[in-house]
Number of protein chains: 2
Amino acid sequence: MSAPAPRRTRIQKRNRALILDAALEVFSRQGFRGATLDQIAEAAGLSKPNMLYYFPSKEAIHAELLEGLLDTWLDPLRGLDPAGEPLPELCGYVRRKLQMARDFPRESRLFANEILQGAPRIDGLLRTDLKALVDEKAALIARWAGEGRLAPLDPHHLIFSIWATTQHYADFAAQVELVLGEEGRDPFPAAAAFLDALYARALAPDRAQG
Amino acid sequence: MSAPAPRRTRIQKRNRALILDAALEVFSRQGFRGATLDQIAEAAGLSKPNMLYYFPSKEAIHAELLEGLLDTWLDPLRGLDPAGEPLPELCGYVRRKLQMARDFPRESRLFANEILQGAPRIDGLLRTDLKALVDEKAALIARWAGEGRLAPLDPHHLIFSIWATTQHYADFAAQVELVLGEEGRDPFPAAAAFLDALYARALAPDRAQG
DNA sequence: AGAGAACTTGACTGATTGGTCAAGTCTGGT
DNA sequence: ACCAGACTTGACCAATCAGTCAAGTTCTCT
């Protein structure tokens, strides 16, 4: 199926990692077209021809970043446990997703850039992997709501809202910092407290009638 | 203060509008660096030198788009009425903001692109106009919450969450369509119903005690 | 109709882009 | 020490980039 296991020397491992890290930084800010190999090479501390010794093209670097991304990106959602209590499960999901926005803001921006452009290079993955997982978890949420253990909210749009509110702190970090005005301080603790309260309130099931 | 009123012929009005519309389309997808004057010229149906007869540079086109943007972008928030009932006021704000995402998705993406890059060309405006308005409305929301007419949620993060959830439907439209799977259908009616329910539940004040 | 301004464009420029190549240097195994 | 393969790089290339310019065409006003 996949390519034969590539033999990698120590130097290959180190330099490929340097390149991917630098490329993540540049692509996540400038988008694919806006990024240049020179920027990436400089950020990686390598010469441009040397970088192209490890990757055949700009496309290849970008593709390798995107491939690795979606899997880890969806981990928090995979962790939504059908056996757990609905409300804590969903609040836990929100917390994990926010944690990812804090820990991997560059990955979040890379993804955002890709979607903003209409998802030209990731369309296939979204259509299959992403949609399957979301549909599965949406069904779970719908079941919980049907059992009266959760507020009756559209599951797909609920997932969208969780993505939006959590990734906002990575993708729009510049705006968040400017508006809060405390440019040194970490907005994530307050964000976590707010989102926990928001979803705890919104998702609490209606009072049982009669 | 501002430049002397520019005398504009019919042709100037038409062609400037053509250029700005084409540029909005291209910049909002590709970002500033990723967009090219040739793309914009082709989308506008003009030759590149002709386009540069109306605008001195690529930067100038982009700047003109950004300048016009923030004002209309903040209109829904300005409409938050201190004299109104807190809950309907905020739900109305959510509705107006979602309507803007539906009617002006390119503007939303242009803004998102700019913030993703760290807001290099709009930093000043955000620091002054945006922050002032947000602080004013956050104070209003805090007052409402203090009076027990609204749930006690952090006002700044509440505003962030409204921005995030509504703009999501413009900026991440490609993903929303793919996940919902009904690629022809309009996701906005369901989104409006969901967001109205979400915020109505989350923002309802706690039951008065004793 | 005619003059002057407004508009349009093909051909161009220097800079930057992604990518190549031959000729080097370094590294690890013997 | 030696060699083969791994790594590195300066110089280079064709394509594309933002922007210029001179020479044209079209419009507007009288």
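The legends below describe close-up views of a predicted model with two protein chains and two DNA strands.

The model is predicted, so that local features need pLDDT of at least 70 and side-chain atom pairs count only at pLDDT 80 or more, whereas totals for chains, interfaces and linings use all residues. Residues are numbered from 1 along each chain as its sequence is written, chains are lettered from A and ligands numbered from 1 in the order in which they are written, and side-chain values use heavy atoms, with hydrogens and water left out.

**View 1. Superposition of chain A on chain B.** A rotation of 180° with 0.0 Å of shift along its axis brings chain A onto chain B with an RMSD of 0.0 Å, the fit being by least squares on the C-alpha atoms of residues with pLDDT of at least 70 in both copies. The two copies are therefore related as by a two-fold rotation axis. Both copies use the same surface, since 100% of the contact residues of chain A recur in chain B, where contact means heavy atoms within 4.5 Å.

**View 2. The interface between chain A and chain B.** Here 59 residues of chain A are in contact with 59 residues of chain B. The buried area, which is the accessible area (1.4 Å probe) that two parts lose on being put together, summed over both, is about 5,100 Å², and carbon and sulfur atoms give 68% of it. Of the area that chain A buries against chain B, A:Leu116, A:Val179 and A:Arg201 supply 16%, more than any other three residues.

**View 3. Polar pairs and helices at the interface.** Two salt bridges are counted between chain A and chain B, a salt bridge being a side-chain nitrogen of Lys or Arg within 4 Å of a carboxyl oxygen of Asp or Glu. A:Asp206 forms a salt bridge with B:Arg201, with the closest N and O atoms 2.4 Å apart. Twelve residue pairs, both residues at pLDDT 80 or more, are in polar contact across the interface; a polar contact is a pair of N or O atoms within 3.5 Å, and within protein one must be able to donate a hydrogen and the other to accept it, while residues adjacent in sequence count only if both atoms are side-chain atoms. Helix H8 (155-171) is among the elements that give two or more residues to the side of chain A that touches chain B, and H8(A) provides the largest share, twelve residues. Helices here are DSSP runs (H or I, at least four residues), numbered from the N terminus.

**View 4. The protein surface around DNA strand C.** Of the 20 residues around DNA strand C, A:Arg10, A:Lys58, B:Thr9, B:Gln12 and B:Tyr54 come nearest, a residue being near a strand if one of its heavy atoms lies within 4 Å of it. A backbone N or O atom of A:Ala35 lies 3.2 Å from a phosphate oxygen of DNA strand C, and polar side-chain atoms of B:Ser47 and B:Tyr53 each lie 3.2 Å from a phosphate oxygen of that strand.

**View 5. The protein surface around DNA strand D.** A:Thr9, A:Gln12, A:Tyr54, B:Arg10 and B:Lys58 come nearest among the 20 residues around DNA strand D. Sugar and phosphate account for 64% of the atoms of DNA strand D that come within 4 Å of the protein. A polar side-chain atom of A:Arg33 lies 3.4 Å from a phosphate oxygen of DNA strand D, while a polar backbone atom of B:Leu37 is 2.9 Å from a phosphate oxygen of DNA strand D.
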